[in-house]
Amino acid sequence: MRKIFQIFSGMIISLGVIAQAPPKIEIDATRPLVPIQSTMYGVFFEDINFAADGGLYAELIKNRSFEFEFPWMGWKHLPNAETRFSNTNELTIYNNSKVSPANPKVVRVEKRDSSQFIGIQNEGFDGVGLKSGAKYDFTAIVRSNKGNISIEVQLLNEKDQVIGTTIIDKIPMNWGKIEGVITSSETIQKGKVNILFLGQGQLDIDFISLFPQDTWKGRKGGLRKDLVQLLAEMKPGFVRFPGGCIVEGRTLAERYQWKKTVGKVEDRELLINRWNKEFSHRSAPDYFQTFGLGFFEYFQLCEDIGAEPVPILSCGLACQFNSSEMQPLDEIDPYVQDAIDLISFANDPVSTKWGGLRAEMGHPEPFNLKMIGVGNEQWGEEYFERYEIIAAAIRAKYPDVKIISGTGPFAEGEMFEQAEKALTRLKPNLVDEHYYKPPKWFLENASRYDKYERERYKIFAGEYAAHPKGTDQPESRNNWEGALAEAAFMTGLERNADVVYMCSYAPLFAHINKWQWNPDLIWFDNLNAFGTPSYYVQKLYANNPGSKTLPILSGGETLAGKNGIYANASLDEKTGEVIVKIVNTSEKESIYELNIKGMPKKTSGKLWTLKANALNQYNSLQNPQNIFPIESELTIEKGKLSARLEPNVFYVFRMRK
Ligand code: AHR
C-alpha cells in the first residue's frame, strides 16, 4: 500500500491510497550519453501560403512594380475603368529600363484636364492591414515629364472612407524616389490605398510601396514584427530557406536563383511563385515573388534570432512532380557556380566580389555560413549525379562547409531505399528526410532512428508534420491530435541525437485566407498571428533541448509508445538542469514514479504542461491560446517525483541538478 502524490504547481496533492506501487521511470543524470546539436530544433521557411510577399515581408502594396503577368493585377483605375482610355486622361503601362532593367514596366500618367480626378487604387494582399495610430512609409520612383502633377496618397477603410493621407508635390524631373509618411486613424483588416494624380501634365511612376514603420527592429522596408517575434521566441537552432519545392521551380527557369534576390530591391527580378496555380482547389493567380525578402534578408533574419542559416539551392533539376526539366551534366557549371558564390557572399572578405556586395548591402562581417543543401526533394540517378558534381566542387573550395542532400519525398519504400544506397556512397554530411503523414505514423515511428545505422550519415529531418483530418476551418487541421503525435515522435528524434542532428516542422507560415498547403506552424491574417499547438510543441522542444541525452528507461525499456507513453531525458550542461519530456498519448491517466539518479536531496524546477480538452481542439485567431503551455513550479526530493500523467498530454520538466 502506498500513497501517491501529484507534484504540480509546487504543491503536493495526495491522490488517495491505492494498492499497487506505480511503475518507475528511471533517469540517470550522472551518465550523459550523446551530444544534442545546438542546431537540433530549427524552422523551415518557404514562400508558400503567402509566407513572404503578403506575409513576413511587410510590403503592403501588391504588384508594386507592375511586373505581374497582367501588369494591372492588384490595381484599379479611378474613378473607374474607363479612366484609362478617356480623352482627357490616360493611364498606360510601357517599358522603360531606366528604373530597373530587371523590372522594366512603368505607369505613364497623362492628365490633360486638371479639374478631373484620376488615380489608381491598390487592393493589397487580401486587403491592406492598417493599425490605428501607426505610421506608414510611402515611397515611389517617379519622374515628371511635363506640366505639374502632384500625388496624393490615401489610406481607405473598408467603407472607402479616407483614414490617412499625404500629398507629395515635389516631383523630380529625372527618375527619383518620393517619400511621404501617413498615419492611419483606424485599425482596418482589409483597407485599400489610393494614389491620386492632382494638377495637369505627364508623369511616370513605378515601384509604388507602402510599409509600416513598426517593422522587426524598425528596419525600413523590413519584416513583419509579430511574425518574426513568434520565430524569435521559438529560439530555433537554424532557419532553412528558401524551401521546399520553390528551390526547384516547376521548370528550371522558375527555380529560385539567389543572385537575383540580392542588391537593390528595385533590381530584383520578379518571378512567378510556383504555388501560384499548383493546386486548383487553392489557385492563387496573384502569387508572385518580389524577392524583397531575399538571401541577404534571410541571412540577417538568422543572425537576428541566433539561428544558423541553412540555404538550399537548385541542383539543376526542376520539380519532379512537375516538369522534371534537367540541366545537362556538361552544362551544370552555372549551378555549381551559384553554390560556390553563395558561400562567398556569406563568408568571404569584403575584398572579394560577393563579399563586397554583402558589405555594400550593409553587412561587412561574414554571416558565417556552415551548411548548404544541394537540391530539395529529389530522387533517382538524375539527382545523385548532379548532386555529386556540385558537392565535389563545394568540398574542393570550401571543405569546412557541410553539405546536405535530399532523399526524395517519401520516408520509406523503393525510392527511399535507392536514395539510402546512393547516399551511403556519396557521403553527404547530412541527409534530408521528409515525412508528411497521419498522426498514427508518427506514433508508430517514434523509434524510427533507434534502428538507424550509426556510422552512415547524419539526419536532417528537414520537413515533417502530422496531417490529421480537420473541419472546414483551415486551422483545424493543426489540431491537438497532430501536435501530440509530433511531440511523441520528437522524443525519438532527441533520443537519437547521435544520428539526428537537425529537424524542422514544415511549412512554417500560412495566411488564413490565402494558403495553399495545410497544416502549417503559424497562421496569420493582415494584422494578427498565432501559433498552432504544433508551434508550442516545437517551441517547448527548441527552448529546452539540453546538450546531452540521458539514459531513461521504464522496466528496462525505452519509452516509445508502450501504454501510450513516450519520453526522453537530457542534461543542460551549461545550467546543470535535467530536462524530461513525457508524452501520454493514451486516453487514460497514468501514474509513474520518476526516479532521477544524481539529484540533490531537495531541488526545484519548472513544469510546462501542454494539453487540450479533446484531440480535435485547435488554436485560431479568435482563440489563439486555446492550447498553450502552462508553466508551474516543482519541488523534487531525493530525485523522486510521483507524477500523474493526464490523458493526451505533453509535459516538459526542467529541474536543477
Ligand atoms: O512544405 C511544402 C512542400 O512539401 C515543400 O515545398 C516540398 O519540399 C514538400 O513536398
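Two strands count as paired here if DSSP finds at least two bridges between them. With that settled, here is a tour of the model, which is a predicted one.

**The barrel**

Eight strands close into a barrel, and going around it the order is β4-β14-β17-β18-β19-β20-β21-β22. The pairing in this barrel is parallel. From one strand to the next, the twist averages 25°.

For one of the joints, take β14, residues 238-241, and β17, residues 308-313: they run parallel and are joined by four bridges. Within that pair, V239 of β14 stands opposite P309 in β17.

The barrel strands also lead to some unusual backbone spots. Right after β14 comes a loop that runs to α2 (245-248), and P242 sits in it. The peptide bond joining F241 and P242 is cis, with omega at about -5°. As background, most peptide bonds are trans, and most residues other than glycine have a negative phi.

There is a second cis bond, from L78 to P79, with omega near 5°. P79 belongs to the loop between β5 (75-78) and β6 (89-95). One loop earlier in the naming, between β4 (41-44) and β5, you'll find F66. Its phi is near 60°, which is positive even though F66 is not a glycine.

**The ligand site**

Which residues surround the ligand? The list is F44, E46, G244, C245, W275, N376, E377, H434, Y436, E463, P507 and W517. Sorted by class, this shell has six nonpolar, three polar and three charged residues.

If you're setting up a pose check, these are polar side-chain contacts to ligand oxygen atoms that you can look for in the model:

| Residue | Partner | Distance |
|---|---|---|
| E46 (side-chain N or O) | ligand oxygen | 2.5 Å |
| Y436 (polar side-chain atom) | ligand oxygen | 2.7 Å |
| N376 (polar side-chain atom) | ligand oxygen | 3.0 Å |

How much of the ligand does the protein cover? On its own the ligand has 280 Å² of accessible area, and the protein covers 96% of that.

**The small open sheet**

Further along the chain, three strands make an open sheet in the order β23-β24-β25, with mixed pairing. β23 (509-511) and β25 (529-531) are the edge strands; each has a single partner strand, so one side of each is left without a neighbour in the sheet. The twist in this sheet averages 20° from one strand to the next.

β24, residues 522-524, runs antiparallel to β25, and three bridges join the two. One of the residues involved is F524, whose bridge partner in β25 is A529.

**The whole chain**

Zooming out, the protein chain holds ten helices and 34 strands. Why call the chain compact? Its radius of gyration is 27 Å, close to the 26 Å that the globule rule gives for 657 residues, so the chain is as compact as a globular protein of that length. Along the principal axes, its C-alpha atoms fill a box of roughly 95 × 60 × 45 Å.

Definitions and conventions. Residues are numbered from 1 along each chain as its sequence is written. This is a predicted model: local features need pLDDT of at least 70, side-chain atom pairs count only at pLDDT 80 or more; totals for chains, interfaces and linings use all residues. Side-chain values use heavy atoms; hydrogens and water are left out. Axes are lines fitted to C-alpha atoms, for helices over the stretch in contact, and angles run from 0 to 180 degrees between N-to-C directions. A residue is near a molecule or strand if one of its heavy atoms lies within 4 Å of it. A polar contact is a pair of N or O atoms within 3.5 Å; within protein, one must be able to donate a hydrogen and the other to accept it, and residues adjacent in sequence count only if both atoms are side-chain atoms. Accessible areas come from the Shrake-Rupley method with a 1.4 Å probe; for residues, only the protein chains shown count as cover. Ala, Val, Leu, Ile, Met, Phe, Trp, Tyr, Cys and Pro count as nonpolar, Asp, Glu, Lys and Arg as charged, and the others, Gly among them, as polar. The radius of gyration is taken over C-alpha atoms; the globule rule is 2.2 Å times the number of residues to the power 0.38.
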